[in-house]
Each structure stands twice: as C-alpha cells, then as structure tokens.
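Here's a quick briefing to keep beside the viewer. Have a look at the sequence and fold first, then work through the notes by topic.

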Amino acid sequence: MKRFFTISGLMFLFLFSYDAAFAQNVTIKGKVIDNTGQALIGVSVSVKGTTTGTQTDVNGAYSISAPGNSTLRFTYLGYINQEIPANGQTNINITLLPQTNELQQIVVVGYGTQRKLDVTGSIATVKGADVAKQASPNAISGLQGKVAGVQITNNGTPGKAPDITIRGLGTIYGNTKPLFVVDGVWYDDISFLNPQDIESFSILKDASSTAIYGIRAANGVVLISTKRGVKGAPVINYNGYVGVQAVTNQVKVANGTEYATAVNELAALNNGAPLFSDPASFGTGTDWYKQILRKAFTTNHEISVSGGTDKYTYNYSFGYLDQDGIVQTNNYKRYTLHLSNDLKIGKAVKVGYTASGLSDKSKDVPTSIFGQLYGAAPILPVHNADGSYGDPNDYHLGDGNNYNPQATLDFYNQRTKNKRVTYNVYGEVSLLKNFKFRSSFGGDVSQNEVRSFVPQYQATVKQFSNKTNLNVNHTDTRNWIWENTLTYDVKIKDHRLTALAGYSALENVTRQMDGQADNVPYQANGNLQTSFPDATNVTYLATPASQIKTRALSQFARVNYSYKDKYMLNASIRRDGASQFYGDHTYAYLPSVGAGWVITNEDFMKNQQVFSNLKLRGSWGKVGNSVVPINPSVQTIATDPYLTAIFGNPQVAYPGASINTVVPSAILWEKTVSTDFGLEGGLFSNKLTFEADYYNRETQDAIFAIPVAGSLGTVNSSIIANQASIRNRGFEFLVSWKDKASESFSYSITANLGINNNKVLDVISGQNPIYDGGAGIANGAFATRTVAGQPIGQFYGYKVTGIFQTAQEVAASKQPGASPGDFIYQDTNNDGIVDSRDRVALGSPLPKYNYGINTSFTYKNFDLALDFQGVTGVSVYNANIAYRFGNENFTQDFYDHRWHGAGTSNTYPSVNVGKNSNAAPNSFYVESGAYFRMRNAQLGYTLPASLLSKWKISKVRVFANAQNAINIFGYKGFSPEIGGTVGNRGIDTSVYPLYATYNFGVNVTF
C-alpha cells in the first residue's frame, strides 16, 4: 500500500510538473511559406483564445511568446487558416495553402470589411502591387483595363490626373468624378498619393455598396487602403526606375513643297493669285513636330521603412518623381511623403494616424502648342541666318498661322506649384463582447499657385509684347471630415449579424485670388517673381465661382445578416443634409437593400463536382450627387454703361440697371436609383472563376437646360433646372483562370468586358436640346447635342455623301452656294434644300464596350506581366482638320487624298476645307475611336536568395517595362483616347497626346 502511494505520488508530481512546464510561456519561432515555397509577409500569428499575436516579417519569420500547451492560429488573406498545437515545441514552420473558396476572402467595403460571401453588391478589388508595377505617376491610370465597367481616359500632360467614370456618364452639369475614400477620408482626387503607398483598391459600383456614402456616391466610390506597418524587425524597401518617353503614332504633315502647292491651290479656289512661284524650292522644309517634341526622360524613386512590435507598428515612405514632358521645356517634379502609425493600448484600445504630404512643381507649356505644331508652315525656318526667329509675315501667309512655335515656347513662362497635406487620426475601442466604437478625424489642406510671366519682347511681327505682365492665381483648400461609428458583430449558431450606426460631419472651403500687374521687372536667372513688388498696381479679378464653403451633416446605418452562409441580406439608410440646399430640400434619405444566395452551400449541391462556388445576388439603392452648380437661382442685376440715361439741363448722366437674366427658383441635388443583378462562381477548385452583372442606373432630377424666349430681353438663351432623367444600362463580365502547372511555373489570365448604353430618357420641357462642343470648331458651330432619346454629348451635324466635282454638279444640287471640291450633304428631311434642319446624329464619344486582358507568368525566378486594354463602339471628332483661319498646314493623309480637280477624290474635300460650309460639323470629321493597346509589359528577374544572404539583403528584383508600346487603331490623329468636359468629350483639338514609356528598374528589400 505504501508502495502504491509512493508510485501515485511520484506520478502526480510528474504530471503537475509537466502541466506547470507547459503552462509557462515559451518563445516559439518559425517561418511561414506558401505552397510554392515563397515567404509570406504579414501573416497573423496568434495564440488561440487570447489577444496575444504577431505578424511574419519580410522573410516570413515570426516569434511569439506562448504557453507550451497553447494552440497557434495562422491567418492570411486569400489563404486557408491553420491551427497548430504547440505541444511544447519552440520551432514551428508551416505552409499555408491558397483558399479554394473565393467567397471566404475579405473585401474592403464602406466603413469596414466583409467576407466576399456576404457582399450583395458589385465590388471589384485590385491589389496595389498590380498598379504600382506600372510606370504611371497617377495610381488611377494603373487601373485602366483592370475593372469591368470602369472607363479611364488618360492625358499626356505631365502631372495631370486622368478622367474616370464608373458605369457611364449620369450627369450633364454636375460632378462626374467618383468619390475617393482613402483610409476613411473623402477626396475628389488622389494625386497626392504615390502608387507605391497603396495596399488595395475596392471599386464600389452599385447603389447597394455605395449608398452608405449618400450624396457623394452617385458616380461610384473608390476605396483605397494605404500600406501600414507589420510587426517585426525594420524592413527597408527601395523601388526605382529610369526611362524614356516617346510619342507614338505621330501625325505626319505635309512638307515644304507640298504645303506651298496646297496654299497655291487654296488661293486659286478663292480667286487669288498663287503665293509661291516655285513650291519645289522649299524642299522638305521645317518639321515642326521634330523641332519641338523630344524623347523625354523620366525617373521615379521610393524608399520605405516599416516594422513594429506587438503594440506598435509603423510605415514611413518618401517618393520622388521627375518627369519631362514630350514638349521641350515641359517638366513635372513631385515629392511625396507617407506616414502611418498604429498603437495598441491594452486589450481594448487602438489608436493611430495616417498622413501624406505632397509638393510638386511644373514648368508648363501653352495649351495651344499642339494646335500650332499642327498648323505651322513648314516653309518657315525656326531661325533666320542672323539668329532671329523665322517670321510668317515674310512669306505673306496671313493671320491663320501667323506664329513661330519655337518663339511661342521660348517666351512662355508659367510655373505651377502645389503643396498639400492630408491626414487622418483614429481611435478604436472594443466594448463589451461584440461592440466596437471608432472615431476618426481627417482633413485635406492644399495650396495651388499658378504664376505666368510675359516679358517684353519682339520675336515676329505678330509675336511680341510691349510690356511685361505678371499674373498670379492662388487657390487655398481647407477640408475636414469627422466620422463616428459603432459596430455590433455577433455569430449565434447559424446566424451571423453585423450592425453599423454612424454620424458624420464635414466642411469644404475653397478660396481663390487672381491678380495681375503690368510692367513687373523680370527677376534674375529667369525665375518668376515670388510676389508682386511693392508699389505695383495690381488688378484683382473677380472669382465668385471659386469662393466656396459647403457643409454636410449625416447619419447612417447598415445591417448585414446571413443564415447558414446560404442567404444574405444587406440594408442601409443614410440621411444627408447639405448647406448648399435649403428649405424642404436640405436633407435627403438614401436607402439601399441587397440580397444574396450561395447556391453551392445548399444540400442539393453538395454532391455536384462542377462548381467550387456559385452565388446569386441582387441589389437596389438610391444615392445622390450634391456637387452641382451652386446658387444659380440668385438673381443678378446688370449695370452696364449702355443702361446709362441722361436727363436735365445741364445734362446729367444717371447710371441704370436691368434684370437681364432669368434664373430657376432652386437647384436640387441629383438622385441616382440603381438596380444590379449578379452571378459569380468558380469551377475546377476555383482555377476558373467568373462574374457577370446586369445593371440599370437612372439619374432622376438631372439638371438640364430650358430655353428662354428671346422676346424677354435676356442675355442668356437658357436656364438650368432639375427636369431630366438619364439612364445607363449594361452588362459586365469577368473571367479568370489561375493555375500552377508545375513547381516552377504558374500563370493567370484575366479578361473583363463592360457594356454600357447611355440615354437621356426624358426632359420635362420637351425635345429642346443642349448644344455644346464648340471647342476647336472654327466657325463657332457646335459639334455635340444632348437631347431626349439620345446619349449625352452626341456628335451632331451634316451627313457627307460625296464631293462636288464640277460647277454643273453644284448648279443641279440642293447646295447652290457650294463650289467644286466642297462636301455634298444629304438632304435628310427631303425638303429640297440643305440647311440646319438636315443635321443628324453622327456618333457618340461614350464607349459602348470597354475591355481588358491581364496576364501574369512566373517561371522559377522570372516573372512576366502583360496587360492589354481597349474600347470600341465609340467615336471621336477630329476638329484639327477644319480648325483653320487661313494658310495652316495639312496632314500628309489629307494632302495625299484631297480633291484637286474633277475625279481626283470623292471622299476628301479640297484644301478649302476651312470655309464655313465645309468646316461645319459633319460626318467627315467623325472617326472611329476604337483602339486596342498593350497597356503594360513587364519582365522581371529575382536574384537567388543564396546570392544575397551574405550581403544581408532579403530580395533584389530587376525589371524592364514598356507602357503603351503597341497601339492599334484607325484614327488619323495621335490617339483616339480623348477626354474633355461633358459637352466637349471626344473632340480632338490641340490635345496633349499620349506617349510610350520604356523604363528599367530595381526593387530591393533589406
């Protein structure tokens, strides 16, 4: 018996000691890799049942203090979670496998995150790394071709942000941009962001996902999460490249001999004598494109430092961009700074901040320079033998092209500077068991300054200035937003519920000063004055439209519910009040509802082998656009001199006043009602995934013009009011195939297609059109029309059926005022005469089809990415051809195909294309805007780790990149990718063209 107790006592002591040992904390280390052997950075490693946790570093390594008998939980976005019992081990290495169920991935949504399974709206996600690898200074450019239903139109001007529309154009007078939300703060653009600082994009496209943002969500919402620190030793990253930019598809123009021949023809058609007795004597002449354009240098560098502990993480980065424009002297420099810190205080409190700084400056070029290059006479030398500028007056060319582009550029002195600071400070508190309260305050402080100096100079007879002039335009912006949310998240058996309630307040203030002064001395070294000198007589220009102060106050709520991960319901409501509206229209209630059904989670689908996942979803919602013309309903009184009356003896002048404008009673915000139905799924263990959406998006109370009778004596021929409906309806498709063919080779191919039909449904005041598109139309005509039943900004004009060949043909026609070589227009209404009533729709600048193909291939240490993008079902208007006031040059295409005698051409007119009847908007100038482009190609190589370890470098990757290198289109201009304001969209007139970029770079991680 004694022996038994002795053995029992020893066993009890052993077990007690064993448990005590395992209950004590030990340091567990290890490495986390994926199924290809690559280290995974930022994997969350936690002790199950506790708040203790850490993350893997850049090498996939981690270290955590935990009880020897605990269980470690490993979680990583896009990978299957794993739980590993420690069992007293001090070294645990694991391999995480990619999730085969795409629906379990986490998606960033408004004011939080959701499993993709729970999302009932249309949301597209793009990794920041897929954008950062491109040579695009603006991150939005890098999204081109990557998201179905998103159209991005780039501009070649260095530093200029691209245009972006989501699911079509839904407004005429309101803001067309989507809302950008960066780390919770609202912005109109993201030019302050370095693409390297972005972690991910979420593009919210339907009202169910955007309604939580209320009155700013009518054009869609782009959510951007920037990079934050990861627990571990400091990690230093450097990314940089150098490259060159070159014009693609340069327009060829007539040479000296051809130009002189064409000018003589033009003189003869106008019954004049020839200007040049021997055109052949001019030879090839001056190639003005070659003279002014160049291969432009560009370089970009970014360095970041990140790391942290269990309680504190940080991420700091600095970026520098130096980009020359393809026009001589044009340059853009940008400096960016990004800072973020997160701090855990105890188990329940977390605070942090994000701050970004931008400083950029540019040497600008005249907006007219490409128009001048197009029209400049090739017989004109850049400089004469004595060094003076070649003068068009020496050749009696008239005023149409009375300019020397080199002189224009040499005496143009404008600088633009921007300073901008954005920030967001937040605090989170976990309350009770399932509640979390978050408060954040963010802001945007910026200053823009444009300084233009005109020196006293004499370049040619027409290009001169008798005095100096300094113009300064200064704009200050001060915006802030304060938001508070309370979230309740609970899972009870088969029920999962997330409820959100929030309160938001914001203020936007813009102030502008515009002043100019004559006879300002030029500062040494060619710099602009930093301020107006003392005693300078400064004239300040009125800028009432740029003095803006608006406020908004909002309350919002959202509920997400799912049952057995089969059935999902999402509902939200937002109440927005905006200061620019008043009375009963100050506040708006904007609701949404969405539902989803995961078909593959049903019992009847368990044994099928076709679909890895299959989900059906639908949504409806209402959002608003509050960025519309402010206070057009304020009645103004004119006090022009012509209203002066003279009475009495002696006569006395009495100034008069008149109400000569008609204004609407009030302008309200525009509302957009959207319906969306989607189907998404995966096959072959999610190697093949797909999404398909149908949407119907209708803008109600859209602002539209109302004609005003001329008999009222008003100076305006129309007023605007909320009286139209605009619809965008279409389909979106996404198909992706991802596979690992072997241990050494993996690849992915993704294709997307967006189909959109834009239409003005109805206008209360009837079929009265809005005419626009006068930019670049020489005779003052309008090239676009917006009217009920047609797309916004549709090209509108005469339909060309041929070219008059002889005087007899003209005499027998319905255009008695025409001449041989002029356009023949169709008498569309068959009334026996050609006039403005015969104009018809000629095409739309809004693409019907947008598509993209994105591929990636990895073989051992090599990686290759090829991205393609294009549009079709779109037209552009080549206004350059007829934008003529005299003897401007012609393109080579026009010269070769022009009419220059009976039978020479029945498609191209004579060189008298600039006369009013020929320059009138017509189908000759409307061309297909379709194009297919290799948007980006990048080949990279990662040096073996064994080679780098002795230098204590974690990773080195070198790469070569080509952007816009291959462009396929039929348009006769530089590029059919042409933006513009709503009524002038797609009109090519002196547009700064796009270019190809070729660069080499390196990524280094220490």
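The notes below cover aromatic pairs, charges over rings, nonpolar cores, a sheet and one tryptophan.

Keep in mind that this is a predicted model. The whole structure holds 39 aromatic pairs, and its largest nonpolar core counts 59 residues. Tyr877 turns up both in a ring cluster and among the residues with the most contacts inside that core.

**Aromatic pairs**

- A pair of rings comes down to two numbers, the distance of the centres and the angle of the planes.
- One pair to pull up is Phe745 with Tyr747, which is stacked, at 5.6 Å centre to centre and 25 degrees between the planes.
- Phe745 is partly exposed, because its relative accessible area is 27% and buried would take under 20%.
- Tyr747 also lands in the partly exposed class, with a relative accessible area of 21%.
- Phe823 and Tyr825 make another stacked pair, with ring centres 6.1 Å apart and planes at 25 degrees; planes under 30 degrees apart count as stacked, so that angle qualifies.
- Phe823 is buried, at 1% relative accessibility, and Tyr825 is buried too, at 8%.
- Ring pairs also tie Phe823 and Tyr825 into a cluster with Phe795, Tyr798, Tyr877, Phe890, Phe894, Tyr908, Phe924 and Tyr925.

**Charges over rings**

- Phe890, a member of that cluster, has the charged end of Arg884 sitting over its ring, 3.9 Å from the centre.
- Over at Tyr895, the charged end of Arg898 sits above the ring, 4.1 Å from its centre.

**Nonpolar cores**

- In the 59-residue core, Val327 and Tyr877 are the residues with the most contacts.
- Elements that each supply at least two residues of this core are helix H4 (256-269), helix H5 (288-292), helix H6 (369-375), strand E42 (800-803), strand E43 (823-825) and helix H9 (892-897).
- H4 gives the largest share, five residues.
- What does Tyr877 touch, once neighbours within four places in sequence are left aside? Its contacts include Ile777, Ala783, Phe795, Ala919, Ala920, Pro921, Asn922, Tyr925 and Val926, plus Gly986, Ile987 and Asp988.
- Two of those contacts, Phe795 and Tyr925, also belong to the ring cluster.
- A second core, separate from this one, has 57 residues, with Val147, Phe180, Ala211 and Phe556 among them.

**An open sheet**

- Five strands line up as E10-E15-E16-E13-E14 in an open sheet with mixed pairing.
- Strand E10 (123-127) and strand E14 (185-187) are the edges: each has a single partner strand, so one side of each is left without a neighbour in the sheet.
- From one strand to the next, the twist averages 20 degrees.
- Inside the sheet, strand E15 (residues 198-204) pairs with strand E16 (residues 221-226) in the antiparallel sense, over six bridges.
- Looking for a spot to check that register? Ile198 stands opposite Thr226 in E16.

**Trp620**

- Trp620 sits in strand E32 (residues 611-625).
- Is Trp620 buried or exposed? Neither, quite: its relative accessibility is 34%, so Trp620 counts as partly exposed.
- Beyond residues up to four places away in sequence, Trp620 touches Pro591, Ser592 and Val593, as well as Val673, Ser674 and Thr675.
- Val181 lies 439 residues from Trp620 in sequence and 22 Å from it in space, C-alpha to C-alpha.

Technical notes. Residues are numbered from 1 along each chain as its sequence is written. This is a predicted model: local features need pLDDT of at least 70, side-chain atom pairs count only at pLDDT 80 or more; totals for chains, interfaces and linings use all residues. Side-chain values use heavy atoms; hydrogens and water are left out. Helices (H or I, at least four residues) and strands (E, at least two) are DSSP runs, numbered from the N terminus. Buried means under 20% relative accessible area, exposed over 50%, partly exposed in between (1.4 Å probe, protein chains only). Contact means heavy atoms within 4.5 Å. Rings of Phe, Tyr and Trp (its six-membered ring) pair if their centres lie within 6.5 Å; planes under 30 degrees apart count as stacked, over 60 as edge-to-face and the rest as tilted. A charge sits over a ring if NZ of Lys or CZ of Arg is within 6 Å of the ring centre and within 35 degrees of the ring normal. A nonpolar core is a set of buried Ala, Val, Leu, Ile, Met, Phe, Trp, Tyr and Cys residues joined through side-chain atoms within 4.5 Å. Two strands pair if DSSP finds at least two bridges between them. Axes are lines fitted to C-alpha atoms, for helices over the stretch in contact, and angles run from 0 to 180 degrees between N-to-C directions.
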